[in-house]
Amino acid sequence: MDESGSINSEDFGREKNFVAALADGFSNFGPNGVQMAVITFATYAHLDIKLSQHSTKSSFMAAVKKIEQSG
């Protein structure tokens, strides 16, 4: 997700909503199914959520909502 200074907070919220909606579209989310990671970037990239970090869709989506824009 782009968190650079050229992205305002409203657009960053839209990015988070897109990632959450993408995850919500999978019925087989979890260790034996779909796994997702999130990388944010501005000047440098940062791994916010690792692939195997969340075993449930709801846990992943809650973590996405907590990501803050730092750029």
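Reader: Before we get to totals, how are accessible areas obtained here, and what does the surface of the protein come to?
Author: Accessible areas come from the Shrake-Rupley method with a 1.4 Å probe. The model is a predicted one. Of its accessible surface, 52% belongs to carbon and sulfur atoms. The total for the protein comes to about 4,600 Å².

Reader: Thanks! Which pattern do the helices and strands follow along the sequence?
Author: The protein has two helices and two strands. One of the helices is α1, residues 9-24. Strand β1 covers residues 38-41, and strand β2 covers residues 45-49. Read along the sequence, the pattern is α-β-β-α.

Reader: What is the radius of gyration of the protein, and what does the globule rule give for 71 residues?
Author: The C-alpha trace spans about 35 × 20 × 15 Å along its principal axes. The protein is as compact as a globular protein of its length, because its radius of gyration is close to the value from the globule rule. The two values are 12 Å for the protein and 11 Å from the rule.

Reader: Among contacts between residues at least 6 apart in sequence, what percentage join residues at least 24 apart?
Author: A contact here means heavy atoms within 4.5 Å. Among the contacts between residues at least 6 apart, the share that joins residues at least 24 apart is 53%.

Reader: How far apart are the mean positions of the positive and negative charges?
Author: The protein carries 6 positive and 8 negative charges. Taking the mean position of each group, the separation is 9 Å.

Reader: Now for single residues: is Ser4 buried or exposed, and which side chain does its own side chain meet in a polar contact?
Author: Ser4 sits in the segment before α1. Its relative accessible area is 16%, and buried means under 20%, so Ser4 is buried. At 2.8 Å, its side chain makes a polar contact with the side chain of Asp2.

Reader: And Ala20, is that residue buried or exposed?
Author: Ala20 belongs to helix α1. Its C-alpha atom is 14 Å from that of Ile39, which is 19 residues away along the chain. With a relative accessibility of 10%, Ala20 counts as buried.

Reader: Which residues does Ile39 touch, not counting residues up to four places away in sequence?
Author: Ile39 lies in strand β1 and is partly exposed, at 46% relative accessibility. Between its C-alpha atom and that of Lys57, 18 residues apart along the chain, the separation is 17 Å. Leaving out residues up to four places away, Ile39 touches Met1, Ala45, His46, Leu47 and Asp48.

Reader: Which residues are in contact with Ile49, leaving aside its neighbours within four places in sequence?
Author: Ile49, in strand β2, is buried at 2% relative accessibility. Phe60 is eleven residues from Ile49 in sequence, with 8.2 Å between their C-alpha atoms. With close sequence neighbours left aside, the contacts of Ile49 are Met36, Ala37, Val38, His54, Phe60, Ala63, Val64 and Ile67.

Reader: One last residue: is Thr43 buried or exposed?
Author: Thr43 is in the loop between β1 and β2. Its C-alpha atom and that of Phe18, 25 residues apart along the chain, are separated by 22 Å. The relative accessible area of Thr43 is 68%; exposed means over 50%, so Thr43 is exposed.

Reader: To finish, what percentage of the 71 residues is buried?
Author: Ser4, Ala20 and Ile49 are among the buried residues. For the protein as a whole, the buried share of the 71 residues is 34%.

Notes:
Residues are numbered from 1 along each chain as its sequence is written. This is a predicted model: local features need pLDDT of at least 70, side-chain atom pairs count only at pLDDT 80 or more; totals for chains, interfaces and linings use all residues. Side-chain values use heavy atoms; hydrogens and water are left out. Helices (H or I, at least four residues) and strands (E, at least two) are DSSP runs, numbered from the N terminus. The radius of gyration is taken over C-alpha atoms; the globule rule is 2.2 Å times the number of residues to the power 0.38. Buried means under 20% relative accessible area, exposed over 50%, partly exposed in between (1.4 Å probe, protein chains only). Lys and Arg count as positive and Asp and Glu as negative; His and the chain ends are not counted. The place of a charge is taken as NZ of Lys, CZ of Arg, CG of Asp or CD of Glu. A polar contact is a pair of N or O atoms within 3.5 Å; within protein, one must be able to donate a hydrogen and the other to accept it, and residues adjacent in sequence count only if both atoms are side-chain atoms.
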